[in-house]
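Trainee: Could we look at this model together? I should like to begin with the helices.

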Amino acid sequence: MADQTTPGANPAAADLPKHALERLQGLREAGRSGGIFTSDLSVNEFLMVREAGFEPLGLVVGSCIYHVGIQYGSWSKNQELNVISQAMYQARELAMSRMENEAKTLMADGVVGVRLEVKRLEWDNDILEFMAIGTAIAHSAGHPGFKGPNGGPFTSDLSGQDFWMLLRAGHRPLAMVMGSCVYHVAHQGIFRAMGNIGRNTEITQFTQAMYDARELAMERMQIEASDAGADGVVGVQLNEGPHNWQPHVIEFFAVGTAVKPIEDPSLIPEPVTPQVVIPVND
């Protein structure tokens, strides 16, 4: 990325732009009460993150503008478009890694409420913007038992309420895991299409294409979770989107939070006592 500055005490700062570092310097860090925190957590999420024993540090962001290469495919064949699949996966990974570097700079234990967004830019039909954004948090007591794989911050797309409930259930988040597959669904021949007119009939090549593409995305997400040492994946979402590509081309994107049991039972938060709230507005 352009306009980088000299790394400070934290090596992760070496990969961040100057203006990102200036923004992060005004935020809190783990174990330091000075500075403000920023967050996209709702009030309810903020409360539950605090109840779980964590403090918000600041919004962390990763961005990547990516050019998708040329992909050749057969008009009449079901097939994965590997060039585009790799582009979609690698661009998201770049955005996620830059968000994680911001969290490392704040010495965060993890990032909750992560959103991954993809937007096509008007400059060129082959250029997409990928952005990852979430709230960096740190354990109030500084316990090291919540780190993600390789000792870095964990990442999770769970809401503040779901994060507390996960910890209460005796599990902790490790990492957001994902799998992507961009697939070309074969066109029907003119005679077959005409033969379907007015009939109830399954279009088997379409069914098989959609099924295969979903399975590839799910399998890749599961492999990521296994490599992270997780016991399972919660909150899985399977999204589909054409991203304004050619007709019959669609992306299947599987994403969820890989989790594992909490090693130290003392880190499981205490139950919250319910309270009655009476609205005073009309």
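Trainee: Which residues in α2 meet α4?
Mentor: From α2, Asn44, Glu45, Met48, Val49 and Glu51 meet Gly160, Gln161, Phe163 and Trp164 of α4, where contact means heavy atoms within 4.5 Å. This is a predicted model, in which local features need pLDDT of at least 70 and side-chain atom pairs 80 or more, while totals for chains, interfaces and linings use all residues. Residues are numbered from 1 along each chain as its sequence is written, and side-chain values use heavy atoms, without hydrogens and water.

Trainee: How many of the residues in that contact of α2 with α4 are nonpolar, polar or charged?
Mentor: There are 4 nonpolar, 3 polar (Gly counts as polar) and 2 charged residues.

Trainee: And at what angle do α2 and α4 pack?
Mentor: Helix α2 (residues 43–51) and helix α4 (residues 160–168) pack at about 25°, with axes 7 Å apart. That makes α2 roughly parallel to α4, a term for angles under 35 degrees. The crossing of α2 past α4 is left-handed.

Trainee: Turning to the strands, how many residues of β4 are buried?
Mentor: In β4 (residues 127–139), 12 of 13 residues are buried, meaning under 20% relative accessible area with a 1.4 Å probe, protein chains only.

Trainee: Which strand do 13 bridges join to β4?
Mentor: Strand β1 (residues 54–67), which runs antiparallel to β4; pairing requires at least two DSSP bridges. Strand β3 (residues 110–120) also pairs with β4 in the antiparallel sense, over 9 bridges, and β3 and β4 form a hairpin with 6 residues between them.

Trainee: What is the bridge partner of Gly58 in β4?
Mentor: Ala136 is the partner of Gly58, and Ala136 is also the β4 partner of Val111.

Methods
Axes are lines fitted to C-alpha atoms, for helices over the stretch in contact, and angles run from 0 to 180 degrees between N-to-C directions. Helices (H or I, at least four residues) and strands (E, at least two) are DSSP runs, numbered from the N terminus. Angles under 35 degrees count as roughly parallel, over 145 as roughly antiparallel, 65 to 115 as roughly perpendicular and the rest as oblique. A crossing is left-handed if the near helix is turned anticlockwise from the far one by less than a right angle, and right-handed if clockwise. Buried means under 20% relative accessible area, exposed over 50%, partly exposed in between (1.4 Å probe, protein chains only).
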